[in-house]
Amino acid sequence: MPQTEKNRSVTDFLAISFIGNHMISQLLSKVVENRTNALYHDTLGLPEGFVLPFFQEETESVSSYVLRQEGSSLFRAELDHQVCQERILQNGDYITFKDPTGAAKVKVLLIARSSLSLSYKKYCLPKNSNVYIGRGAQNDIVFTLSNYISREKQVAIRVDDQGCVYVEDLKRTVGIYVNGKAVHSRKLEPFDELAFMGFSMVYLGGNIVAIRDLCIETFLPEAQDWPLKSPKPRKEKETLCSPLCGGGHASSPDQKRSAAALSE
């Protein structure tokens, strides 16, 4: 069979890696391509001695991605709480890599590219309310991608009477991430992204959010109109200040000129 026909049968994945306090999303094909690249390992922040055990394999009729661990590996792969040495990767696989002490150091969630929706829908959050996300039908936002998501109230989105929006990780099992960094709770600013286990929500300001259309069911009202607003600029004087400044203002002529240029 021609090589081009083999390649058509490959199912690529979005590999969402949870490493330390960070979440990193990229195609599995890129991970495989760079699996022996030391600089790539350092950029991801992989623990010392960790070897990416993902490969692409071809037969006469199909090409697929597999997990295969060598016996000398320092890290044990687990899938559904069972040791996994070799497996053809499938949509929704959530693999945990544990060190010799049993501590989970790297976690990877795989979402088939063919099932990944790039569209987002805008919804209105009721003011002075709690909106719960979980796998069961009793939640305000039902998200069913993985069984690792709690049936009841995995995450809470809280909207106060002033319209400020907060997120909180209620179960603290799989973790939640704002702009790629792990948090337990956080006040959202416009254009912040809340993500966990393939769920993605972008806060657009006010009481409007955009949620990725992936394994989602909700009775939240859709937002029909949303005036686009640019994020507020950061306060430049805070970034110009250093521990040597002795305060919140630029102390040298160069710093003052830089501050003036940035404020124009």
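The exercises below work through selected residues, a sheet and the salt bridges of this structure, which is a predicted model.

**Exercise 1. Locate H41, decide whether it is buried or exposed, and list the residues it contacts beyond its neighbours in sequence.**

Step 1. Begin with the secondary structure: H41 belongs to helix α3, which covers residues 38-44.

Step 2. Next, consider accessibility: the relative accessible area of H41 is 13%, and because buried means under 20%, H41 counts as buried.

Step 3. Finally, set aside the neighbours within four places in sequence; the contacts of H41 are then N34, R35, T36, L46, F50, V51 and L52.

**Exercise 2. Describe the surroundings of V131, and state what distance separates its C-alpha atom from that of L220.**

Step 1. V131 is part of strand β11, which runs over residues 129-134.

Step 2. The relative accessibility of V131 is 2%, so this residue is classed as buried.

Step 3. When residues up to four places away in sequence are not counted, V131 touches L125, P126, D140, I141, V155, A156, I157 and L220.

Step 4. One of these residues, L220, is 89 residues from V131 along the chain, and the two C-alpha atoms are separated by 9.2 Å.

**Exercise 3. Work out the strand order of the open sheet that contains β3, and identify its edge strands.**

Step 1. The sheet is open and has three strands, which are arranged in the order β3-β4-β7 with antiparallel pairing.

Step 2. The edge strands are β3 (54-58) and β7 (86-88), each of which pairs on one side only.

Step 3. As for the angle, neighbouring strands of this sheet are turned by 30° against each other on average, with direction ignored.

Step 4. Looking at a single pairing, β3 joins β4 (residues 63-68) in the antiparallel sense over five bridges, and E57 is found opposite S64 in β4.

**Exercise 4. Examine the salt bridge between R68 and E86, and explain which parts of the chain it ties together.**

Step 1. A search of the whole structure gives six salt bridges, and in the one formed by R68 with E86 the closest N and O atoms are 3.5 Å apart.

Step 2. R68 lies in strand β4 and E86 in strand β7, so this pair ties together parts that are 18 residues apart in sequence.

Step 3. The two partners fall into separate accessibility classes, since R68 is partly exposed at 26% relative accessibility, whereas E86 is exposed at 55%.

**Exercise 5. Analyse the salt bridges K98 with E78 and R87 with D93, and then name the residues that shared partners join into one network.**

Step 1. In the salt bridge that K98 forms with E78, the closest N and O atoms are 3.3 Å apart.

Step 2. K98 lies in strand β8 (residues 94-98) and E78 in strand β5 (residues 76-79), so the pair ties together parts that are 20 residues apart in sequence.

Step 3. E78 is buried, as its relative accessible area is 10%.

Step 4. R87 forms a salt bridge with D93, and here the closest N and O atoms are 2.9 Å apart.

Step 5. Within this pair, R87 is partly exposed at 24% relative accessibility, while D93 is buried with a relative accessible area of 5%.

Step 6. To complete the exercise, salt bridges that share partners join E57, R68 and E86 into one network.

Note on methods
Residues are numbered from 1 along each chain as its sequence is written. This is a predicted model: local features need pLDDT of at least 70, side-chain atom pairs count only at pLDDT 80 or more; totals for chains, interfaces and linings use all residues. Side-chain values use heavy atoms; hydrogens and water are left out. Helices (H or I, at least four residues) and strands (E, at least two) are DSSP runs, numbered from the N terminus. Buried means under 20% relative accessible area, exposed over 50%, partly exposed in between (1.4 Å probe, protein chains only). Contact means heavy atoms within 4.5 Å. Two strands pair if DSSP finds at least two bridges between them. Axes are lines fitted to C-alpha atoms, for helices over the stretch in contact, and angles run from 0 to 180 degrees between N-to-C directions. A salt bridge is a side-chain nitrogen of Lys or Arg within 4 Å of a carboxyl oxygen of Asp or Glu.
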